[in-house]
Amino acid sequence: MNITELFSLEGRIALVTGGSRGIGKMIVEGFLAAGCAKVYITARKVDEINATIEEFGDKVIGLPGDLSNMEGIQRLADQIAEREDHLDILVNNAGAAWGQPFAEFSEAGWDRTMDLNVKTPFFLTQKLHGLLKAAASADRPAKVINISSIDGQRINPWLTYPYQASKAAVIHLTRRLAAELVPDNIIVTSIAPGAFPSAMNRAARDHEDAAATGIPAKRVGNAEDMAAGAIYLASRAGDYVIGDTLTIDGGVVNAHLPSHFAQP
């Protein structure tokens, strides 16, 4: 058994949506360190894409666009198909959150969150199915990794109703897509992150010490934590993990004791 080969992504081609910042950028960094030949990233803001390319080098290729609608999804799939005849790894990371009081919650906020968080991963996977299938074999399956959230595994106090519902949907959609695509040697899994510093989790980014107090590990997640989980699922090491969700949260979901059970 060769441990280096077990976790290697040598020569593979990946697409990470929302890969210019936050959790997506952490995954991009990990994939490059593990040997990916190319990592395509997409985001709406060109300046953020350019900054990520400048930081990581020419193995990162930026494709700006808006994936919240079918036109943008199809355009991205077409752009990848123009450049590549196969795709080894797809990471559906692009997402949105929207918070408003219950009585005031807007349809626009609901629709944008549900569309980008649930509709986009499904249809982007559908549009890229041919390229994923072209890369896949029994010995080296292609991988689809959906980014869900611990907010899809348990409720939180924030007024982000569609975000929490959408992330629960992603976890179940992962199972259904896994069943659909495993005959094609395409393995679908998801990662449920906890508190990682990002624009979507400003508490972990701007108030790290306070955020850490509610985490059994007593710290927020970092780039190595996220990269390690993504590399595991994308590499040979994760080939027998199918349809499951890997929770990377420092113990919030599975090792958090309610305060009335805490030891004195």
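This report walks through the overall build of one chain and then looks at one of its helices.

## The chain as a whole

Welcome to a predicted model. Its chain contains ten helices along with seven strands. Measured out along the principal axes, the C-alpha trace covers about 55 × 45 × 40 Å.

How does the radius of gyration fit a compact globule? For 264 residues, such a globule would have a value near 18 Å, and the chain has 18 Å, so the two agree.

## Inside and outside

Of the chain's 264 residues, 48% count as buried. The accessible surface adds up to about 12900 Å², and carbon and sulfur atoms hold 53% of that area.

Contacts tell us about the fold too. Taking those between residues at least 6 apart in sequence, 71% link residues at least 24 apart. As for charge, the chain carries 24 positive and 31 negative charges, and the mean positions of these two groups lie 2 Å apart.

## A look at helix 7

Helix 7 runs through residues 161-181. With 21 residues at 1.5 Å each, this helix should span 30 Å; its end C-alpha atoms are 30 Å apart, so the expected span agrees with the model.

Which residues of helix 7 are buried? Among them are Pro 162, Tyr 163, Val 170, Ile 171, Leu 173, Leu 177 and Leu 181, and the list also includes Gln 164, Ser 166, Lys 167 and Thr 174. The cover over these buried residues includes helix 5 (107-127) and helix 6 (129-135), together with strand 5 (142-147), strand 6 (186-193) and strand 7 (245-248).

Terms used. Residues are numbered from 1 along each chain as its sequence is written. This is a predicted model: local features need pLDDT of at least 70, side-chain atom pairs count only at pLDDT 80 or more; totals for chains, interfaces and linings use all residues. Side-chain values use heavy atoms; hydrogens and water are left out. Helices (H or I, at least four residues) and strands (E, at least two) are DSSP runs, numbered from the N terminus. The radius of gyration is taken over C-alpha atoms; the globule rule is 2.2 Å times the number of residues to the power 0.38. Buried means under 20% relative accessible area, exposed over 50%, partly exposed in between (1.4 Å probe, protein chains only). Contact means heavy atoms within 4.5 Å. Accessible areas come from the Shrake-Rupley method with a 1.4 Å probe; for residues, only the protein chains shown count as cover. Lys and Arg count as positive and Asp and Glu as negative; His and the chain ends are not counted. The place of a charge is taken as NZ of Lys, CZ of Arg, CG of Asp or CD of Glu. The expected span of a helix is 1.5 Å times one less than its number of residues.
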